[in-house]
Amino acid sequence: MTISRRSVLKGLSAAPAAISLFSIPRYSKAAEITLRYGNNLPLSHPLNIRAKEAADRIAKETNGRVEMLIFPANQLGGDTDMLSQVRNGALTFFTPSALVIATLVPVAAINAVGFAFKDYNQVWAAMDGPVGAFVRKSIADARLHALDVMWDNGFRQMTTSGARIENADSMKGLKIRVPVSPISISMFSGLGAAPASLQFSEVYTALQTKVVDAQENPLPIIQVAKLYEVQSSCALSNHIWDGYWFIANGRQWSGMPADVQEIVSRAINQAGLKQREDIKALNESVQTDLQSKGLAFNKCDTDSFRAKLREAGFYTEWKQKFGPEAWGHLESVVGTLA
Ligand code: X2X
């Protein structure tokens, strides 16, 4: 949160031209407070469309006193860079996936336990309930402020440019990209694959140049990042539900006037609820669109994946790592996992 417009303008001259893509209505008087929000997704993803709405609403409800500048699509660097920027205050806001912030707040990966959630009712019961509350407190312990509403990334699916993924045997030695996420590495190693951690900004090129042959993401991400151009088939595994925490730098958040905090929270949280609906709607149409772009889809034997993970001790290991309280919150919603 920078106060003087002069320093903002100075910063702007250095900042990538994100603002011109996201013109925030100009108000008679200069913004007193400028909030900077960075993310890793293309403009056309509902995360950026709804974030823009929130930015406009914040400007309107503060009569131009507060502006939220949006830097989409890794303009300020990859996930790891933006995580350090929101920690040191260069960014006010960042939306890391639970998988990504878990490198700083390990328990945040709890919703990424393989095959934990069978549907969205369970997801929101957990994340708007005991699991979300537990993680939010742990994020606060890292001097970051997590807003109440978690935004949706989706159920992650596996794609490949090689042989179709049918069952656990298909994973043997598969060079698959995963985010910079210890639980994803553990899970895909447990499945017998050869996982490689890469930031999202590097995925398309890594697939194109065959550094890796496979990746896993929700269908809306495969669509906006055009991964169908470098992958040929998608196995509908629903192996992880993933979401985005909307986090703020703790010092900047607590330094914000109470009325501004309230307006900003409401605008971002309500935009988040709409974004969830967008992903839900997208999930109806996106598969047909991806098929029309040449990506073949197949069902896969998810029981074989669960059995392989159980055999590998994956659930026992992560139950121990997350601890009884967090694990108890998860199992209170999804049932016994280990
Ligand atoms: O990096 C990914 O795969 C993505 C876009 O899903 C996340 O933000 C974790």
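## The ligand site, cavity and pocket

The ligand occupies the space of the largest cavity. The model described here is a predicted one.

**The ligand and its shell**

Two elements each contribute two or more residues to the shell around the ligand, namely β5 (151–160) and β9 (233–244). The residues that surround the ligand are Asn40, Ser97, Asn153, Arg156, Arg177, Pro179, Phe200, Asn217, Asp242 and Tyr244. Sorted by class, this shell holds 3 nonpolar, 4 polar and 3 charged residues.

Three members of the shell, listed below, place a polar side-chain atom beside an oxygen atom of the ligand.

| Residue | Distance from a side-chain N or O atom to a ligand oxygen atom |
|---|---|
| Asn153 | 3.0 Å |
| Arg177 | 2.7 Å |
| Asn217 | 2.6 Å |

On its own, the ligand has 260 Å² of accessible area, and the protein covers 100% of that area.

**The largest cavity**

How many cavities of 30 Å³ or more does the structure hold? There is 1 cavity of that size. The space in the largest cavity amounts to about 130 Å³. Its lining consists of 17 residues, and those nearest the centre of the cavity are Asn40, Arg156, Pro179, Phe200 and Tyr244. These five residues are also found among those around the ligand.

Which elements supply at least two residues each to the lining of the largest cavity? They are α5 (98–101), β5 and β9. Of the lining residues, 9 are nonpolar, 4 are polar and 4 are charged.

**The largest pocket**

The description now turns from the cavity to the largest pocket. This pocket contains about 220 Å³ of space. Its lining is made up of Tyr120, Gly154, Phe155, Gln157, Pro218, Leu219, Pro220, Leu236, Asn238, Asn283, Glu284 and Gln287. Two or more of the lining residues come from each of β5, α10 (219–224), β9 and α12 (258–292). By class, the lining of the pocket comprises 6 nonpolar, 5 polar and 1 charged residues.

**Elements that recur**

Strands β5 and β9 appear in each of the three descriptions. Both give two or more residues to the shell around the ligand, both supply at least two residues of the lining of the largest cavity, and both give two or more residues to the lining of the largest pocket. Helix α5 is named for the cavity lining, whereas helices α10 and α12 are named for the pocket lining.

Technical notes:
Residues numbered from 1 in each chain as written. Predicted model: local features only at pLDDT ≥ 70, side-chain atom pairs only at ≥ 80, totals over all residues. Heavy atoms only, no water. Near = heavy atom within 4 Å. Polar contact = N/O pair within 3.5 Å; in protein donor to acceptor, adjacent residues only side chain to side chain. Areas by Shrake-Rupley, 256 points an atom, 1.4 Å probe, with all protein chains shown as cover. 1 Å grid on protein atoms, 1.4 Å probe; cavity = no way out; pocket = protein on both sides within 12 Å on 5 of 7 lines; lining within 4 Å. Sits in = over half its atoms within 2 Å of the grid points. Helix = DSSP H or I, 4+ residues; strand = E, 2+ residues; numbered from the N terminus. Nonpolar A, V, L, I, M, F, W, Y, C, P; charged D, E, K, R; others polar. Points joined across faces, edges and corners; volume = space filled by probe spheres on them.
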